[in-house]
Amino acid sequence: MKKEWPLWEIFIRSKSGLNHKHVGSLHAADAEMALENARDLYTRRNEGVSIWVVESKHITASDPDDSDPLFEPARDKVYRHPTFYTVPDEVSHM
Amino acid sequence: MTSLNFEAIFQSKIDDEVKIEPKDWMPDAYRKTLIRQISQHAHSEIVGMLPEGNWITRAPSLRRKLILLAKVQDEAGHGLYLYSAAETLGADRDDLVQQLLTGKAKYSSIFNYPTLNWADIGAIGWLVDGAAITNQVMLTRTSYGPYARAMVRICKEESFHQRQGYELMMAMAFGSPEQKAMAQDSLNRWWWPALMMFGPHDSDSPHSDQALKWKIKRKSNDELRQNFVDVTVPQAEYLGLTVPDPDLRWNEERGHYDFGKINWDEFWSVVKGNGPCNRQRIQARTKAYEDGAWVREAAMAHAEKKEQRKMQPEAASKAA
Ligand SMILES: [Fe+2]
Ligand SMILES: [Fe+2]
């Protein structure tokens, strides 16, 4: 029986108040080992206060070839941005 | 869209400094080149642990031992960052490892030289990591996103490697006459192989043009080598050591150091497997791989058993 350890994606919260951020991946037999390996691999210099591990096969990613139809709808909605509106100079705090 | 269009879009992204990410369309040759380059880079980090690992048990103080342990551990980390970048291109980890063990994949030839005296640990940090940094700083801006990100992480860690090496060289060069002689001996042996790390001259480097066009590389081998010589020679002077090159001199006109001819016969002979330690290095990697096989299998079996127990707790407890 020869089976490779599965691949895990690693997310690190660098300090309280910030989001977990993807930092890379590693191989581990299970989630517990993935956490331990992530600690050794990605936080040797206090880079994190919290780790998430997710087996890579569970990640669903959008297809870059679909990015036009996917993100197009947001592109022409300039009225969603504050800069779309003119407010006179006399009016402050806005 | 035809593949010609895809290729045009791809190249225009590169020209506009837009990073290529794993799921983006890319030419097959770009993918292959990257897998080859990144995995060879990963292998170099892993094999690179061996010459330094040789001195861990003989470090002259606890401080030096801790530093060396931390550095070697970093190199393992660098290898893993890079393997994981190669896997984003569809490479399989075990295949990559097999390619190293069977000699199909190369690694940096510098690691086929032995570490004969303690000053070599200083010379490696100073010169070998120094040369690697010259190359890696350029690679933080490489066009492939995961490779560039791995390089940023690596470069942050490398400056510790180089500084501890230089500090060790200082201790030796400013120490007793015997220590200074050891430092000079190690510079004599590591200088030329360090210059060879940048690879053949541009005129003999057939893949370079394409790699520059794709912005995998951004500087040529000779440019990087010149950068390295220019910053390193004054560092050697500070140590009071002599760079083993009678042709080395400052060229006022060029604003660079001129240096002597590199022995390319030696370079190619080491690349082809006939360096002082090629066989020993691969033997050590093979032994580590084989000795670890039962651990990998046992961990996998344990993980599967735990998973099964979670799925059907009763059946598992009865069976146990
Ligand atoms: Fe490294
Ligand atoms: Fe290093």
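B:Glu75 and B:Glu158 are both buried. In this predicted model, the two residues join distant parts of the chain: B:Glu75 belongs to helix α4 (residues 62-87) of chain B and B:Glu158 to helix α7 (residues 145-173) of chain B, with their positions 83 residues apart in the numbering. B:Glu75 coordinates both the iron ion (ligand 1) and the iron ion (ligand 2), which are 3.3 Å apart.

**Iron ion (ligand 1)**
- Coordination of the iron ion (ligand 1) is provided by B:Glu45 (OE), B:Glu75 (OE), B:His78 (ND1) and B:Glu158 (OE), at 2.1 to 2.4 Å.
- The site of the iron ion (ligand 1) is irregular, its 4 donor atoms forming angles of 81 to 155°.
- Along the sequence, the donor residues of the iron ion (ligand 1) show the spacing E-x29-E-x2-H-x79-E.

**The pair within helix α4**
- B:Glu75 and B:His78 are separated by about one helical turn because they are 3 residues apart in helix α4 of chain B.
- Both members of this pair, B:Glu75 and B:His78, are buried.

**Iron ion (ligand 2)**
- The iron ion (ligand 2) has as protein donors B:Glu75 (OE), B:Asp129 (OD), B:Glu158 (OE), B:Glu158 (OE) and B:His161 (ND1), at distances of 2.0 to 2.7 Å.
- B:Glu158 is thus listed with two OE entries for the iron ion (ligand 2), and B:Glu158 (OE) is also among the donors of the iron ion (ligand 1).
- The chain spacing of the donors of the iron ion (ligand 2) is E-x53-D-x28-E-x2-H.

Terms used:
Residues numbered from 1 in each chain as written. Chains lettered and ligands numbered in written order. Predicted model: local features only at pLDDT ≥ 70, side-chain atom pairs only at ≥ 80, totals over all residues. Heavy atoms only, no water. Donors = N, O, S within 2.8 Å, 3.2 Å for Na, K, Ca; no water. Helix = DSSP H or I, 4+ residues; strand = E, 2+ residues; numbered from the N terminus. Buried < 20%, exposed > 50% of the residue type's maximum accessible area, 1.4 Å probe, protein only. Tetrahedral: all angles 85-135°; square planar, octahedral: opposite > 155°, others 65-115°.
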